[in-house]
Amino acid sequence: MVTSRFLSLILSALCAGSPLFAQDKPPVVPVPRDLPVDRLTYEGAELRGLVFGTGPTGELWFACRREWLRKTYPDLASKLENDQNDREWALRVDYARRLAAWDKSLEASPANEQLKGFIDEQISRMDPGLGADGAAGKGPFVLVRLLPKQPRKLIRAKPEYLKLVLVAWHEHIDQVESQSASQTIAALKADNIAWDKQTPDFSEKMPGIPVESEADWELRKAYLSYLHGQKLNFQGTGNSVLEAPEGGGAIPGAGLQEILGKLGPGLLDGALGDLLGEKGPGQNEGSKAVAEASAIADKKKAAQFRITRVEPDLPNRKVTIDDRVYSKMAGPKGPEWRLIHSRTQQADATIPRPQVEAQILKDPKVGPLIAQIRQLGLGEKLDEGIRFGAATLEAKEQADTAFNSIMRQFTRRIDGIPIRWSSPSPALPGT
């Protein structure tokens, strides 16, 4: 006769061996000392991947490869994928609502036509019904979201391994999450992949991120408005500013001409003293130029403008480019101009730049100044001015490159990573 106790033992054994009751318990394998991925303890499992970002209140986002997660923790993978799909549905509903409100707030005018068209496209893309076919449903990554109060144990890999992991993921190298960094490097080398020279980008393949804060959303809209809306750019030197054509120009307008003008004919009327005077770099912050640009932007009903100023420091033979973007944003007393991007780029004017200098000599904008200076017998000052001009062009090109990179990063996806994660903006509180 089978006792109830014996039946309980049999049932327990069957349950323990049944897939329906089995728990994710991968075999214990020693962890390599130089494992290149981050490790996160989550609900009794050790997730391996990379920290994707951290919110201002301590919220943690962790990225795992979907393939590794399913293979290592199938039950947990199912739960996390369902969480991600639910989150994707909710964020699409939220973004669609925000986009509709933004579209409604814009005046129907030729200046806003392109921006409103972009918003309409994004509203269609954010249709919640598309969630199962988007990044959340088919992408190679699963994002794990831990709230600040959730228990966690995080072991970070060495920072220099970040690029290695991204390249290995991009090249579909097996065992990235379990083998040593040296083994992964060897695997890439065997495939003739120079991992240290690559810059893989998974931006389009990552799941969407909900709006982190209202400030971040307003900043995202500002960058998108500058990209898709009315373009208003200013260039100048000191407190002098001129509206620049859309897309800028090869020569930073007033900047180079100002330098040459005061190095040459300016000698005759004492203007050189103003330029070479006792002003050092940083003393002229261009507040009058910004105020003038703001007034013009107000008249043209522009929501953003970019101002790029040249500051020549002749005593120290340096040129500084001050590059800023302002946006009309809500403030305590109503809409106000706020700085959303700022970068200072400096170049040494003592370094020869033959190719750039040749470009300057051929430019019709400075040709008359060059001829005038030569007639005055100021060849030495002319050479100095051209060298300053070349330094100016190089610094401006570097500032433009940095700005264009930021624009691509912040406007590629409206549901991309929060701006605070990658480049804290002066417009975000607490940064």
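The following paragraphs lead the reader through a predicted model, from the chain as a whole to its empty spaces and then to three glutamine residues.

The secondary structure of the chain consists of 15 helices and ten strands. Of the 431 residues in the chain, 46% are buried. Among contacts with a separation of 6 or more, 69% are between residues 24 or more positions apart. The surface exposed by the chain amounts to about 22,800 Å², and carbon and sulfur atoms account for 54% of that area.

Attention may now turn to the spaces that the atoms leave open. Rolling a probe the size of a water molecule over the atoms shows where empty space is left. The largest pocket holds about 1,000 Å³ of space. It is lined by 37 residues, and those closest to its centre are Phe-52, Leu-162, Leu-166, Ser-203 and Ile-417. Four elements each give two or more residues to this lining: β2 (45-54), α6 (162-170), α14 (379-411) and α15 (419-422). Strand β2 makes the greatest contribution, with five residues. By character, the lining of the largest pocket comprises 19 nonpolar, nine polar and nine charged residues.

The model also contains one cavity of 30 Å³ or more. The largest cavity encloses about 50 Å³ of space. Its lining is formed by Tyr-95, Pro-210, Val-211, Glu-212, Asp-216, Trp-217, Arg-220, Ile-414, Gly-416 and Pro-418. Helix α8 (residues 214-228) supplies the largest share of this lining, with three residues. Six of the lining residues of the largest cavity are nonpolar, one is polar and three are charged.

One residue of the cavity lining, Ile-414, leads to the first glutamine, since Ile-414 is also in contact with Gln-122. Gln-122 lies in helix α4 (residues 113-125). Because its relative accessible area is 11%, below the 20% limit, Gln-122 counts as buried. Beyond its neighbours within four places in sequence, Gln-122 is in contact with Leu-99 as well as Ile-414. Gln-122 and Ala-96 are 26 residues apart in sequence, and their C-alpha atoms are 7.8 Å apart in space.

The second glutamine, Gln-304, belongs to strand β8 (residues 304-313). Its relative accessibility is 4%, so Gln-304 is likewise classed as buried. A polar contact of 3.3 Å links the side chain of Gln-304 to that of Ser-327. Leaving aside neighbours within four places in sequence, the residues in contact with Gln-304 are Ala-222, Ser-225, Tyr-226, Leu-232, Tyr-326, Ser-327 and Trp-337. Ser-327 therefore appears among the contacts of Gln-304 and is also its side-chain polar partner, while Ala-222, Ser-225 and Tyr-226 fall within the residue range of helix α8 (residues 214-228).

The third glutamine, Gln-345, is found in strand β10 (residues 336-348). With a relative accessible area of 13%, Gln-345 is buried. Two polar contacts involve its side chain: one of 3.0 Å with the side chain of Arg-343, and one of 2.9 Å with the side chain of Gln-398. Not counting residues up to four places away in sequence, Gln-345 touches Val-319, Thr-320, Ile-321, Ala-395, Gln-398 and Ala-399. Among these, Ala-395, Gln-398 and Ala-399 lie within the span of helix α14 (379-411), an element that also gives residues to the lining of the largest pocket.

Note on methods
Residues numbered from 1 in each chain as written. Predicted model: local features only at pLDDT ≥ 70, side-chain atom pairs only at ≥ 80, totals over all residues. Heavy atoms only, no water. 1 Å grid on protein atoms, 1.4 Å probe; cavity = no way out; pocket = protein on both sides within 12 Å on 5 of 7 lines; lining within 4 Å. Points joined across faces, edges and corners; volume = space filled by probe spheres on them. Nonpolar A, V, L, I, M, F, W, Y, C, P; charged D, E, K, R; others polar. Buried < 20%, exposed > 50% of the residue type's maximum accessible area, 1.4 Å probe, protein only. Contact = heavy atoms within 4.5 Å. Areas by Shrake-Rupley, 256 points an atom, 1.4 Å probe, with all protein chains shown as cover. Polar contact = N/O pair within 3.5 Å; in protein donor to acceptor, adjacent residues only side chain to side chain.
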